[in-house]
Amino acid sequence: MRRDRFLLAVTLTTVLVADVYFVLLPRLRDWYHLSRNGCTCQGVNVSIEYRGQTSQTWTSGSNATSEQESKLERLFSHPLYNIRLPELAPDERLLEEEELMGYYRRKVTRWERQQKLYVEAAAASNISIPEQPVTFEPNASWLKFHLGINRYALYSREDRSINRLLQDMQSAPIISADYTQDEKALKGACDCSQVVKPSGHHLKLALKLQDFGKAMFKPMRQERHEETPEDFFYFVDFQRHNAEIASFHLDRVLDFRRVPPVVGRLINVTGEILYTTHSDDLRSVFFTSPANNTCFFAKCLYVCKTEYAVCGHPHLLEGSMSAYLPGLSIAPRISIPNPWIRSYTFTGREEWEVNPAYCDTIKGLYPYSSGNRLLNIIDMTIFDFLTGNMDRHHYEIFTKFGDEGFLLHLDNARGFGRHSHDEMSILAPLTQCCIIKRSTLLRLRLLARPEYRLSDMMRESLGRDPLMPILTEPHLQALDRRLGRVLKTIGRCIKKLGEVQVVVTDFMASSGATERGMRVRAGDMQDKSEKREEGWS
C-alpha cells in the first residue's frame, strides 16, 4: 500500500515538473521578453521590412516607380483627373476640426483611464503586462483623412495625407485588438439554419494603433492563384484580403474615391493581437496547431471550430488594413438596400432578374426619381462588375449630405474571386436603365486606350503595396476584358436610345449655386477632353 502511494506521489511530481518546465516557464519567458523587449519573434509592434516600395506618393508629382515615366502619374495628370471642384462651403464638409478634436480627445482620455485600471488589476494579480502609450497628435494622418471627407468624395485627388495614412497603417505599433462591433453584437450566437450567415462570422478584427487611429484587419483566407469554385453561391464565398486592397486601388484609378484607404500588412498574431487584446473572448480562441503555428478563429459558434481558423507561419499572418470612417455618433451613416439586391436563397429570384423593365419602376421611386442617386448606383455597378463582386446587398451614405451625397463602396472582400468568368448580371442596373455619368464614361474610355490601359494602371498602383503582388496576371487581364464589356453595353444603349438620353452631365439636378457652378465647370472640362480624345468611341 505504501509502495503504491510512493509511486503515485512520484508520478504526480513528475507530471507537475514537466508541466512547469514545458508549459508554464515558456509562457512566463514569453511575457518577460514581451515586457522587456517586445516579442522575440519578428514583427511585434515594430516596423517589418516589407517587400515592395512604400515611400512613394500616389498623387501627381510623385517619383516614378522606374526610370521610365510613370503611367499612373501620366493618368492622374490627364484633364479628366483634374476637374477642379468649387470652394467647399462649410456644410459640404463632413466634420469641423474643433468638433472632431474634442470628440477624440474625450475618447483618448477614456482609453487612458481604462488602460490604467487594466494595468493596476494585472499588477494586483502579479501579472506584468507591457504599457501601451498613446501618442495622440492633431496632425495624425487618420485625423486628416476624417477632416478631408466632403460631399463629393472621401478624399481629394491631391490629398497627400492618404499616402501617410497607408504608411502608418502598415507600420505603426498596435496597442489594442478586439472583435468588430458586428461580431460583438452576435454575442457568440449564430443561427446555423440561415443560408446567409451574419457578417460577424467572417473573421475580422478592429486594431487600434499607437496614434489612436483604427483599422479593420481582414486576414488572408485564400491564396492569390486560387479561384472561387464555380459551384459556390456568392453569399458563401470567401472574403479575400487582397480583394479589399485591390478594390481601393481600382477605386482610385477610376477616380471615384469612395473606398476608405486600404493597405496590406504582416501581423504578428501573438505579439500584436494576443498580447495586446483586453478581450477575454478573443484570447480564448487562440491555440497552437499541430504544425506549431499560432491560430485563432471567429467568435460565432457556427465557425467556432479549429478547421475555420486562420494561422500565422508560425506567428506572421498577412491581411488587409482598412481605415475606419469617423464614428457613427459624430458622422452618422445610413445603410440602404440596393434596389438590385440579389436573392439570398438557393432557389429564389428577385424582380429585376425576371422583369427587363424593372428600372422604369425604380425611376419612379424616391430618391431615384431625381438627382444623382441612380447615377451613383450605376457607378457602383460598374465598379462591382470590374471586381466581380456579386454581394452588394446594401450601400451606405453619410446622412449629413442627404440624397445628393456619394455612395460608400464598403466591404469589397468578395471581389476578384474568378478571373475566368464575367458575371454579366452584375451589370443589370446599367443594361436596364441605360444611363451613365459623362465623367465616368470618359474615364472608362480613357482607360481602354493602350497608353492608359486599366491593367497597366492597376499593375503599377498595386506594385506599391507592401504585400505585392496583390493580384495575379489573369485578374489584371480580366479587368481589361470586363472594361470592354462595359463599354460595349454603353454603346448598345447609345445606339438604341441616343447619346443625349444615355450620357448625363454630372450633377444633373441642382438647386444650389455651388452645384450649378460644379455642373458648368465639369461640363466645360469634359467637352475639352472629348475634343482631345475624339478617337475613343
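A residue counts as buried here when its relative accessible area is under 20%. Keep that cut-off in mind as we walk through this structure, which is a predicted model. Tyr81 has a relative accessible area of just 2%, so this tyrosine is buried. Phe76 comes in at 12%, which is also under 20%, so Phe76 is buried too.

Those two residues make a good way into the aromatic side of the story. The structure holds nine aromatic pairs, and one of them is formed by Phe76 and Tyr81. Their ring centres sit 5.8 Å apart, with 55° between the planes, and the pair is classed as tilted.

Now jump along the chain to Phe398 and Phe406. How do the planes of these two rings lie? They stand at 70° to each other, with the centres 6.2 Å apart, so this pair is edge-to-face. The cut-off behind that label is simple: planes over 60 degrees apart count as edge-to-face. Both partners are tucked away from solvent by the accessibility rule: Phe398 has 2% relative accessibility and counts as buried, and Phe406, at 4%, counts as buried as well.

Aromatic rings can also join up in a bigger group. If you pick out Tyr103, Tyr104, Phe136 and Trp142 on the structure, you'll find that ring pairs link them into a cluster.

Rings meet charges here, too. Lys208 lies over the face of Phe212, at 4.3 Å from the ring centre. A similar arrangement involves Lys214, which lies over the face of Tyr324, this time at 4.8 Å from the ring centre.

Let's turn to the cysteines. How many disulfides are there? The count comes to three, and we can take them in turn along the chain.

Start with Cys295, which is joined to Cys311 with an S to S distance of 2.0 Å. The link has 105° about the S-S bond and is right-handed. Cys295 belongs to strand β6 (residues 294-296) and Cys311 to strand β7 (residues 310-311), so to speak two ends of a bridge between distant parts of the chain, 16 residues apart. The two cysteines have their own surroundings: Cys295, at 0% relative accessibility, counts as buried, while Cys311 has a relative accessible area of 24% and is partly exposed. That 24% is not under 20%, so Cys311 misses the buried class.

The next disulfide joins Cys359 to Cys433, with the sulfurs 1.9 Å apart. With 110° about the S-S bond, this link is right-handed. Here the bridge runs between helices: Cys359 is in helix α10 (residues 358-363) and Cys433 is in helix α12 (residues 428-433), and the two are 74 residues apart. Both of these cysteines are buried.

That leaves Cys434 and Cys493, whose S to S distance is 2.1 Å. Which hand does this disulfide have, left or right? The torsion about its S-S bond is about -70°, so the disulfide is left-handed. Cys434 sits in the loop between α12 and β11 (436-437), whereas Cys493 is in helix α15 (residues 473-497), and this pair again links distant parts of the chain, 59 residues apart. As for accessibility, Cys434 has 8% and counts as buried, and Cys493 has 4% and counts as buried.

Conventions: Residues numbered from 1 in each chain as written. Predicted model: local features only at pLDDT ≥ 70, side-chain atom pairs only at ≥ 80, totals over all residues. Heavy atoms only, no water. Phe/Tyr/Trp six-rings, centres within 6.5 Å; stacked < 30°, edge-to-face > 60°. Buried < 20%, exposed > 50% of the residue type's maximum accessible area, 1.4 Å probe, protein only. Lys NZ or Arg CZ within 6 Å of the ring centre and 35° of its normal. Disulfide = S-S within 2.5 Å. Helix = DSSP H or I, 4+ residues; strand = E, 2+ residues; numbered from the N terminus.
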